[in-house]
Amino acid sequence: MQALAAYLPEGTFEQVVQYLHQYKVHLKITKERKSVLGDYRNAIPGKNHRITVNGNLNKYAFIITLIHELAHLLTFEKYGNRVNAHGKEWKQLYSSLLATFVEHKIFPLDIRTALSKSLTNPAASSCAEEGLMRILRKYDPEKENLHLLEELPNKALFKTSDGRVFEKGEKLRKRYRCKEVKTGLVYLFSPIYEVQAVVV
């Protein structure tokens with residue numbers, strides 16, 4: 001458990017460990033996953049509640065993701081499988097749990113301000129809260145030649161983590177229309193998707 005402290009903001013370890021012990025949670029810190037930041041699996045006979053969180057997250061993103069998954073656990077404990085995964089019951093418990101951490105002022109002011117929106121109407125994923133993700137990214141270690149897609153000019157070429165090259169196109173309502181150079185296929189990308197600029 002002491003190794004967990006390295007992933008958490010100062011002043012949160014005791015509170016987190018209390019939840020993990022109380023609900024007998026098997027917490028696994030994983031390698032980076034592009035599609036999810038964390039995951040929850042409810043307890044079944046012979047297996048405890050299981051939570052995974054990506055180990056590459058900065059401390060503030062890590063604790064927010066962990067709180068998100070703990071809220072799923074609390075929702076399951078209270079309602080079983082009778083409610084939607086990110087329904088009003090989960091939103092209420094997530095907001096309440098998050099508030100207990102926010103009130104201890106463990107987050108910098110800019111993150112606290114962004115989180116205030118989560119307290120009233122949390123998104124199903126912190127990735128969906130673009131304003132929060134932009135602010136959390138400021139606390140990441142500097143990454144060479146990595147940019148948010150929205151930071152690149154129109155028609156710029158960029159590479160995704162799997163090596164594919166795209167041309168940035170117009171912004172539709174919420175996402176950018178981008179064409180894969182090799183195939184000509186069109187994909188929609190979030191403005192805050194992290195990409196590598198390609199210099200030609």
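A charge sits over a ring if NZ of Lys or CZ of Arg is within 6 Å of the ring centre and within 35 degrees of the ring normal. In this predicted model, Arg164 lies over the face of Tyr187, at 5.1 Å from the ring centre. A second case involves Lys168, whose charged end is placed over the ring of Tyr176, 4.3 Å from the centre of that ring.

**Overall architecture**

The chain has 200 residues, and 41% of them count as buried. Its secondary structure comprises five helices and nine strands. Read from the N terminus, the order of elements is α-β-β-β-α-α-α-α-β-β-β-β-β-β. Along the principal axes, the C-alpha atoms occupy a box of roughly 55 × 35 × 30 Å. Among contacts in the chain with a separation of 6 or more, 50% are between residues 24 or more positions apart.

**Helix packing**

Helix H4 (residues 109–120) takes part in two helix crossings, one with H5 and one with H3. The table sets out the geometry of both.

| Helix pair | Axis approach | Crossing angle | Handedness |
|---|---|---|---|
| H3 (residues 88–102) and H4 | within 9 Å | roughly 155° | left-handed |
| H4 and H5 (residues 130–137) | within 9 Å | roughly 160° | left-handed |

Angles over 145 degrees count as roughly antiparallel. At roughly 155°, H3 and H4 are therefore roughly antiparallel to each other. On the H3 side the contact is made by Tyr94, Ser95, Leu98, Ala99 and Val102, and on the H4 side by Arg112, Leu115, Ser118 and Leu119.

The crossing of H4 with H5 is at roughly 160°, and these two helices are therefore also roughly antiparallel. Here Asp110, Ile111, Ala114, Leu115 and Ser118 of H4 meet Leu132, Ile135 and Leu136 of H5. Leu115 and Ser118 of H4 thus appear in the contact with H3 and in the contact with H5.

**Aromatic pairs and the cluster**

A pair of aromatic rings is described by the distance of the centres and the angle of the planes. Over the whole structure, a search finds nine aromatic pairs. One of them joins Phe166 and Tyr187, with ring centres 5.5 Å apart and planes at 90°, so this pair is edge-to-face. Angles over 60 degrees between planes are counted that way. The two partners come from distant parts of the chain: Phe166 is in strand E6 (residues 165–171) and Tyr187 is in strand E8 (residues 186–189), with their positions 21 residues apart in the numbering.

The two rings belong to residues with unlike exposure classes: Phe166 is buried, at 0% relative accessibility, whereas Tyr187 is partly exposed, with a relative accessible area of 29%. Both residues are members of one aromatic cluster, which is formed by Phe158, Phe166, Tyr187, Phe189 and Tyr193. Tyr187 is therefore paired edge-to-face with Phe166 and also has Arg164 over its face.

**Loop residues and backbone**

Most residues other than glycine have a negative phi, and most peptide bonds are trans. Lys24 has a positive phi, near 50°. Lys24 is located in the loop between helix H1 (13–22) and strand E1, and it counts as exposed at 56% relative accessibility. Lys155 likewise has a positive phi, near 75°. Lys155 belongs to the loop between E4 and E5 and is exposed, at 57% relative accessibility.

Asn154 is also placed in the loop between strand E4 (146–148) and strand E5 (157–159). With a relative accessibility of 51%, Asn154 counts as exposed. Leaving aside residues up to four places away in sequence, Asn154 touches Lys168, Gly169 and Glu170. Of these, Lys168 is the residue with its charged end over the ring of Tyr176. The C-alpha atoms of Asn154 and Val199 are 14 Å apart, with 45 residues separating the two along the chain.

**Leu27 in strand E1**

Leu27 is part of strand E1 (residues 25–30). Its relative accessible area of 21% makes Leu27 partly exposed, as the buried class ends under 20%. Not counting residues up to four places away in sequence, Leu27 touches Leu4, Leu20, Ile51, Val53 and Leu66. Between the C-alpha atoms of Leu27 and Asn145 the separation is 33 Å, and the two residues are 118 residues apart along the chain.

Terms used
Residues are numbered from 1 along each chain as its sequence is written. This is a predicted model: local features need pLDDT of at least 70, side-chain atom pairs count only at pLDDT 80 or more; totals for chains, interfaces and linings use all residues. Side-chain values use heavy atoms; hydrogens and water are left out. Rings of Phe, Tyr and Trp (its six-membered ring) pair if their centres lie within 6.5 Å; planes under 30 degrees apart count as stacked, over 60 as edge-to-face and the rest as tilted. Helices (H or I, at least four residues) and strands (E, at least two) are DSSP runs, numbered from the N terminus. Buried means under 20% relative accessible area, exposed over 50%, partly exposed in between (1.4 Å probe, protein chains only). Axes are lines fitted to C-alpha atoms, for helices over the stretch in contact, and angles run from 0 to 180 degrees between N-to-C directions. Angles under 35 degrees count as roughly parallel, over 145 as roughly antiparallel, 65 to 115 as roughly perpendicular and the rest as oblique. A crossing is left-handed if the near helix is turned anticlockwise from the far one by less than a right angle, and right-handed if clockwise. Contact means heavy atoms within 4.5 Å.
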